[in-house]
Amino acid sequence: SADKEKKTGKRKSVTIFGYPLSIFFIVVNEFCERFSYYGMRAVLVLYFKYFLKWDDDFSTTIYHTFVALCYLTPILGAIIADSWLGKFKTIVYLSIVYAVGQVIMAVSAIHDITDGNKDGTPDNMTLHVALSMLGLLLIALGTGGIKPCVAAFGGDQFNEDQDKQRSTFFSIFYLSINAGSLLSTVITPILRAQKCGIHTQQQCYPLAFGVPAALMVVALVVFIVGSGMYNKTAPTGNIMVKVFKCISFAIKNRYRNRSSKIPKREHWMDWAEEKYDKLLIAQVKMVLKVLFLYIPLPMFWALFDQQGSRWTLQATTMDGNFVSFLLPTVNPILILIMVPVVDFIIYPLISKCKLNFTPLRRMTVGMFLAALAFVAAALVQLQIDATLPDFPSSTEQQAKFINMVDRPIDITAGNNTFQLETFQSDQNHMYPYFKHFPETATWILFSNVFWLQFGDVVAKPEEGANAIRFFNSFGMVLNITVGEESFGNIISKNMSTYVDVPQGTAEFLIKNAAGNQCVFSREFGFGSSYTFIIPPTFTLEENCGQHIKEVEDIKANSIHMAWQIPQYFLMTSGEVVFSVTGLEFSYSQAPSNMKSVLQAGWLLTVAVGNIIVLIVAEAATLPDQWAEYVLFAALLVLVCIIFAIMAYFYTYIDPAKIEGKFANLEPEDEKKKNLEVTKKDMVENHNEKRRKSSNSSSDEEETSQTNF
């Protein structure tokens, strides 16, 4: 009836094949929102490092701070939706905040807005940082705030007799999440790799952030378009608020009755019985029992979420051309493969072996697999470190020598004595610090008494590029270009600046003032640095490259990214066993009306896990990255042991039976409450009569009867 629809907030919806048409808008909205979030997050740590020029540790800190905020704000969103605005308005308003945040993030990545001198470097980096932080704060509030609302709002579109359709909807809903995540982690890094800019062409972060911003606007528009078809339930009060109030009252009441003369109660939550019914107290006890098991879980997420920070940064020092393409998709692809494999092959095989593989034991195994993943990451890091160059400390300087004389020459530098052949270079040597020389330098020798000194690159080239420079010992000025980049006019006996050349075959166009030119081709890997020497005997002919001598300043990355696949496989296996099982366990042990409380608690463990990364990254002053990986692995193994002990003593319950038991007692409780109210009224009436009447015998009789 119309009255019933008004009361429940439900309306007769348009259906297709038995499904409300309104869920189409919700599923599309979720797909676009997840594309927006994961697409932006896929390149976020690279944006910190290469655009804002933050170091690895600070980039990791801000990244995990952002992720932690994204998993803290769902509690706020749930309270706003259930206690104030309702799910629909909460989703709309916070989606607007979300979209504004994404747009601000895209604007913050436009280097031209503060590049007054048009040199490709922002003149006011503070403005870009401020815009970035504002954008991330709004995104965290938006994505976290709508997280607990969208799925529940989709469930509200179904009637009570549509359990099967509702179950199918949730399957499609979570498929849209994975689809949005997978596509965005493929597309967004490709967009970042494009070149864009008004004055200078650089990595296109505005496009990489702009497309997710556009998708969030689309998500908002699609959701609003379906407004007229939605069933919108009015806010009825948030169960989390009731739980917190019940716990708070129990603690306060226990403190007020802390005297040893007062009888103890079976459970500390029983001190809430003066104000709350036994059913609610029993439900809170069940929730607290599960939340206690959640205490060790953040350590798993501390390791898991470093896939987007430390592991991404690790990949930038490796050999492979898919750091911006395939790498971010490894986890979602493995998830799609591993979930059915584990559910339909691994678990049935374990069951046939008569092993009692309980949910808590599965979660313990998942934590152990995550620890193994970090051990694998540490082993890979050790191999990477062996290929990285050694740069001087604050008390050292580094130098190498190049012999430009037409005969071998003997060199004594510090404690090192060696001989160099013509056009040959020695390896880098460390020497005590001398303030008049750069920390790393190349000495080009033209005789025993005449040399030139040039500063070298002081860090590994970024993003897999190759730092290339030319030394011109030819008798005239030469102009050298590669693609759209120019080394400029290099005068005789002078060194060009470094130019970043991407991986692949590079063709250097060399020409003189008379217009004569030739092309020098060279294949490059990732992360190398070379000094190319143009000798006095150089000629601008077809095969001019054969005359050019090269000196390797920094070796190319030689550890292939494929070596990261084992650590991703172990981490994803741990996620499937830990995360999916954890949600299943939580729901099976949660009271019927408090599943949202445990969902909030589960999301809170993710937030705390990211906070742990912040603490370790800032507090642990470990000189080597592999040692940090081992530290995290050791901490998780320790936590894993503690969790296994806690799980051993945990007793599984059936919430429905416990709720049924207390539900049957409710009528008796109501009778007791009614009797107490009646008795209280009688006492108040009696006292009123005593004030109005004298001490008659009839009054005494009435009093004695009433008191009895």
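The following conversation goes through a predicted model and asks how each label given to its residues and elements is justified.

Colleague: Before the details, what makes up the protein chain in terms of helices and strands, and what share of its residues count as buried?

Modeller: The protein chain of this predicted model has 19 helices and 19 strands, and of its 708 residues 47% count as buried. The chain exposes about 35100 Å², of which carbon and sulfur atoms supply 61%. If one takes the contacts with a separation of 6 or more, 72% of them are between residues 24 or more positions apart.

Colleague: Why is K49 called buried, while D56 is called partly exposed?

Modeller: Buried means under 20% relative accessible area, and K49 has 16%, so K49 is buried. For D56 the value is 29%, and because partly exposed covers what lies between 20% and 50%, D56 counts as partly exposed.

Colleague: And how do you know that K49 and D56 form a salt bridge?

Modeller: The closest N and O atoms of K49 and D56 are 3.2 Å apart, and since the rule asks for a side-chain nitrogen of Lys or Arg within 4 Å of a carboxyl oxygen of Asp or Glu, the pair is a salt bridge. By this rule the count comes to eleven salt bridges.

Colleague: What makes D305 and R41 a salt bridge, and which parts does the pair tie together?

Modeller: Here the closest N and O atoms are 3.7 Å apart, which lies within the 4 Å cut-off, and therefore D305 and R41 form a salt bridge. D305 lies in the loop between α11 (298-304) and α12 (310-315), whereas R41 lies in helix α2 (residues 22-42), so the pair ties together parts that are 264 residues apart in sequence. Both D305 and R41 are buried.

Colleague: How is the pair of K555 and E552 described, as regards the distance and the exposure of each residue?

Modeller: K555 forms a salt bridge with E552, with the closest N and O atoms 3.3 Å apart. K555 has a relative accessible area of 53%, and because exposed means over 50%, K555 is exposed. E552, at 38% relative accessibility, counts as partly exposed. In addition, D57, R310 and E628 are joined into one network by salt bridges that share partners.

Colleague: Which residues form the nonpolar patch on the surface, and what makes L372 eligible for it?

Modeller: Among the members of the patch are F368, L372, W626, V630 and Y648, and the patch as a whole has about 1100 Å² of accessible area. The elements that give two or more residues to it are α14 (359-385) and α17 (625-648), and α17 gives the most, with six residues. L372 lies in helix α14. Patches are made of residues with over 30% relative accessible area, and L372 has 34%, so L372 passes that cut-off while still counting as partly exposed.

Colleague: How do you know that β12 and β16 pair, and why are β13 and β17 called edge strands?

Modeller: Two strands pair if there are at least two bridges between them, and because β12 (residues 478-482) and β16 (residues 504-512) share five bridges, they pair, in the antiparallel sense. In β16, I510 is the bridge partner of I480. The four strands form an open sheet in the order β13-β12-β16-β17, with antiparallel pairing. The edge strands are β13 (485-490) and β17 (517-524), each of which pairs on one side only. With direction ignored, neighbouring strands of this sheet are turned by 20° against each other on average.

Colleague: What is said of phi in K53 and K354, and why is each residue called exposed?

Modeller: K53 has a positive phi of about 65° although it is not a glycine, and K53 lies in the loop between α3 (44-51) and α4 (56-85). K354, found in the loop between α13 (330-352) and α14, has a phi near 65°, a positive value in a residue other than glycine. Exposed means over 50% relative accessible area, so K53 at 55% is exposed, and K354 at 76% is exposed.

Colleague: Why is A590 called buried, and what is A590 in contact with?

Modeller: A590 has a relative accessible area of 3%, and because this is under 20%, A590 is buried. A590 lies in the loop between α15 (565-589) and α16 (595-619). Leaving aside its neighbours within four places in sequence, A590 is in contact with K595, L598 and P655. The C-alpha atoms of A590 and I653, which are 63 residues apart along the chain, are separated by 9.2 Å.

Key. Residues numbered from 1 in each chain as written. Predicted model: local features only at pLDDT ≥ 70, side-chain atom pairs only at ≥ 80, totals over all residues. Heavy atoms only, no water. Patch = residues over 30% accessible without salt bridge, like charges linked within 9 Å, V, L, I, M, F, W, Y side chains within 5 Å. Areas by Shrake-Rupley, 256 points an atom, 1.4 Å probe, with all protein chains shown as cover. Buried < 20%, exposed > 50% of the residue type's maximum accessible area, 1.4 Å probe, protein only. Axes fitted to C-alpha atoms, helices over the stretch in contact; angles between N-to-C directions. Contact = heavy atoms within 4.5 Å.
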